[in-house]
Amino acid sequence: MILSLGLLFLALGALILRVNIAAVLLLVGAYVHLAWGDGELTYIIEDMWGAIDKEVLLSIPLFLLCGSVMGKGAIAERLIRVMRSLTAPVPGGMALATILTCAVFAAISGSSAVTLIAVGSIAYPALIKDGYSKSFALGALATGGTLGVVIPPSIPMILYGIVTETSIVDLFTAGILPGLFLTVLLGSYTVFANRHVAREQFSIGEFGSALKSGIWSLFMPVILLGGIYSGYFSPTESAAVALGYSLIVERFIHRQLSLRDLYDTALDTTTMMGALFPLLAIALSINLLLTAEQVPSQLADWVAGFVEDRTTFLLLVNGLLLIVGCVMDMASAILILAPLLQQMGEVYGIDPVHLGVIMTVNLEIGLLTPPVGLNLIIAMTAFREPFSLIVRGVLPFIGIMLFGLIVISFVPALSLWLVG
Amino acid sequence: KTELKAATLAPEGTPWFDFLSKWEQAVEAASDGEIDIQIFPSAQLGNEWEVWNKVAKGRIEIGLFSAAVMSEKVPPMALMSTPFLFDSEQTAYCVYDTELKGEFTELLEDRFKVISWGETGWVQVYAQDDLSDVANADGYKTRVAPQAMSRTLWASVGANGVEIPFADTPAALQTGLVRSGEATGISYVAFGLNKVAPHLMLTRHMHQAGSIMMGKKVWNKLSEDEQAILIDNMPDLNELRQGVMGVEQYLIGQYEEAGGLVQHLTPEQRAAWKAKVEPNWPAFVEDLGPEAVALWPRVLEAKKACGE
Amino acid sequence: MQISRRILSGLFAVDVTVAISAYVAIAVLLLGDVILRETGGGSLWGAQRISVYLMIVIGFLGLGLAAAKGRHLRPQFLDHVVPARYSETADRIGSGLMALIFGGFGVVGVQFVAEAIEYGDMARIIDIPLWYIQLVVPYAFFSTALRYVLFALHPELRPQEVLE
Ligand code: NA
Ligand code: NA
């Protein structure tokens, strides 16, 4: 108790003195290891190293850089122009186009962070320029980004498949319809929320000229999607291809990227990594300590005490995951809880593939909930907006996602129909 | 009270977890609850490379390791997974248990106390086409694991290798980035690789064992009584071996019964595979470093002594 | 003050050069692997593994670069606890505290590297001692600490925070 109070005071004191979050987390990590762990501070660094020593993370810096390049160059604005001309006759057309782009991009990336960054760096400035409020734009992007883990391929689903010995391909297939369903829900909401925004006329001339100037930009998703689905490169490698392609187009075709710009984008991305990676690493290291102390499994046991039937089980699983999703990152939550929940679920006749989709969608919402919401943190870093503004922006979208989660939880066919 | 954390990649309900669990119960009973082993399944405490370092340093007390991490961390251990070295698992067991037990233990001994060897089973080739005839593997797009064994196998048969992480493999098979790879029968079925690469060639080309080990420092801190309880109550390794082989056969059998394309290689077909790979054994061994080069003749002798 | 400025820009030049070179290397490795493979020229063994190590180096160097550019995330809901007239003092104490924290972890980082040497850890795939790469850890912590020491001494050198 005294130890916990000490921790709180230490963290608050540091925050009052304007210490940045990386340093605060290091301080907290050190305190936790000294007070409850084995007192070995090298463990923190060992865990930080282990957390980022992973091939799956490789696409993050590359997509960050690619996003930054496209932000400086002309791909972004030309792509936006095409999308805008297409969705002009719909109220809130630009916002709808953003959600749809996220869904398309989700089909080429396995993570929500990458989807958010890649689409967001293009769409965010455009949404703002179009007069959407910052909070709406941030909400739509942060939420749209999470489609990246439901629509296959999906890194969290791979993790789930590995720890529960469930077929990853089945999980991927099961994610398709729920992913499309969430896309429709989010798309409908953006149109509804902007129903009073004036529509525009669809102009074939504008569309044609947008298409002409944007052909190289439009070609990018084609190359990425086509390249991945026809087996030329892996999703991780697609980040390198995207970077290479965007560099060539911006430098030699659009001719809007100077060497100075190139240097700036690299520097910009590096500082972004510097703000993001230590956080990721320290948070994962604290997580590992909690696991070793068996905190999460005790929590799961406690929930098991309430379960009587299938419906209660699903409700409680969703409740538990929503709470867990607030404080824990997706990968750790899946690694720790999936095997436990899958075993409990089998008692109530829940298909492990269906449970995998439920967990993914549920923890997907966790990416949007404070205090630890990866997409919130990434949006904050990438778009340089205050945390509170982003939280306000995602609130209505969380509501939509919760509705989707309930449907996905209680209509197993939505997930399992394609699996057969 | 002595608390020992035991980490494994294996999820609950697998032979590996059951084996650890049986040990845990026996140890607890024998020590009147004084020695408490806590098992962390499903890589909860990190992947094998992290766990390896943590066990070495005493941060996690016990680790169940696969052959993959052992042969990367201690290259001479990879000799036992030389592709097509053994025809029967009994030969490999004999080498581990009798002929080279001391040599292999010694390789690990500066940092670890080897409690028991493990068992991962036979690695097989899977593909979207029938590769029973090794000629079909020429130029075939394949997933190469980041290990010398895998590289040697695929380079020997002339495959077009792509190095991708295991997690990316199912998707890569789906898109055609790769069209084949290698896995134990258990992972082949459990991870659904059979749905994207329906041909399972029973090449039995690489036997993988593994180990259950404690960090040396932690081990030395235990009392002699405690050490004896831990060693004496370790279940018979053959139970794990039979358990793993049994699950493997069961899963492959079920797959075959459901119409799966399981290719039982004829002795000639397997020999043709082996003939491509065997000439590259010396280069493979050389690559593993001087320690491995020195040990290699002894491995071959031991194999002969064990009846192959 | 002049010396401090020079130290800061020197550190910056080193970090940026290494980080950007690492970026270029990752792009070349991964892209080269794809192109070689699809043109039938074989494969760049270990391209992904080497890239992961480079990514880690970029990540750790980013710690100092983010400090230099004011890019570190910082929750600000407690900023008004300290009255405005003491704001600069709070900033300086905060800089000093961060120097201590990062400096402390620099020391831990040295221990971390020492352990890797003691245990003979090797980098995966590429055959070099892992500690060559892990040197970036103490370097990143110490160079970040040094930056905050200078910010504590000369608050005018502390960059404007990019995040609101
Ligand atoms: Na996806
Ligand atoms: Na959250």
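Between chain A and chain B, four residue pairs are in polar contact, both residues of each being at pLDDT 80 or more. A polar contact is a pair of N or O atoms within 3.5 Å; within protein, one must be able to donate a hydrogen and the other to accept it, and residues adjacent in sequence count only if both atoms are side-chain atoms. On the side of chain A that touches chain B, at least two residues each come from α3, α9 (155–164), α10 (168–193), α11 (204–229), α12 (235–253), α13 (259–292) and α16 (330–347) of chain A. Helices (H or I, at least four residues) and strands (E, at least two) are DSSP runs, numbered from the N terminus. The residues of this side of chain A comprise 16 nonpolar, twelve polar and seven charged. In this division Ala, Val, Leu, Ile, Met, Phe, Trp, Tyr, Cys and Pro count as nonpolar, Asp, Glu, Lys and Arg as charged, and the others, Gly among them, as polar.

The model is predicted; local features need pLDDT of at least 70, side-chain atom pairs count only at pLDDT 80 or more, and totals for chains, interfaces and linings use all residues. Residues are numbered from 1 along each chain as its sequence is written, chains are lettered from A and ligands numbered from 1 in the order in which they are written, and side-chain values use heavy atoms, with hydrogens and water left out.

The model scores ipTM 0.84 and pTM 0.80. The mean pLDDT (the predictor's confidence in each residue, from 0 to 100) is 82 for chain A, where 92% of the residues score at least 70. Among the elements of chain A, the lowest mean, 68, belongs to helix α14 (residues 295–304) and the highest, 94, to helix α19 (residues 387–410). Where pLDDT is low, the predicted coordinates should not be read in detail. Chain B has a mean pLDDT of 93, with 100% of its residues at 70 or more. Within chain B, confidence is lowest in helix α7 (residues 169–175), at a mean of 80, and highest in helix α13 (residues 267–277), at 97. For chain C the average is 88, and 95% of the residues score at least 70.

The contact of chain A with chain B (heavy atoms within 4.5 Å) involves 35 residues of chain A and 30 residues of chain B. About 2900 Å² is buried between these chains, carbon and sulfur atoms giving 57%; buried area is the accessible area (1.4 Å probe) that two parts lose on being put together, summed over both. Glu46(A), Glu165(A) and Val169(A) lose the most area to chain B in chain A, together 19% of what that side buries.

Salt bridges (a side-chain nitrogen of Lys or Arg within 4 Å of a carboxyl oxygen of Asp or Glu) number 21 over all chains, and five are counted between chain A and chain B. Arg59(B) and Asp47(A) form a salt bridge with an N to O distance of 2.6 Å. This pair joins two chains, because Arg59(B) lies in the loop between α2 (48–57) and β3 (62–65) of chain B and Asp47(A) in helix α3 (residues 42–52) of chain A. Glu50(B) is in a salt bridge with Lys54(A), the closest N and O atoms being 3.6 Å apart.

The contact between chain C and chain A takes 64 residues from chain C and 58 residues from chain A. The area buried there is about 5600 Å², with 75% from carbon and sulfur atoms. Tyr23(C), Arg71(C) and Leu73(C) supply 15% of the area that chain C buries against chain A, more than any other three residues. Two salt bridges cross this interface; Asp53(A) forms a salt bridge with Arg49(C), the closest N and O atoms being 3.0 Å apart. Seven residue pairs are in polar contact across the interface of chain C and chain A, both residues at pLDDT 80 or more. Two or more residues on the chain C side come from each of α1 (2–38), α2 (47–68), α3 (87–119), α4 (130–134) and α5 (136–153) of chain C, and α3(C) gives the most, with 15 residues.
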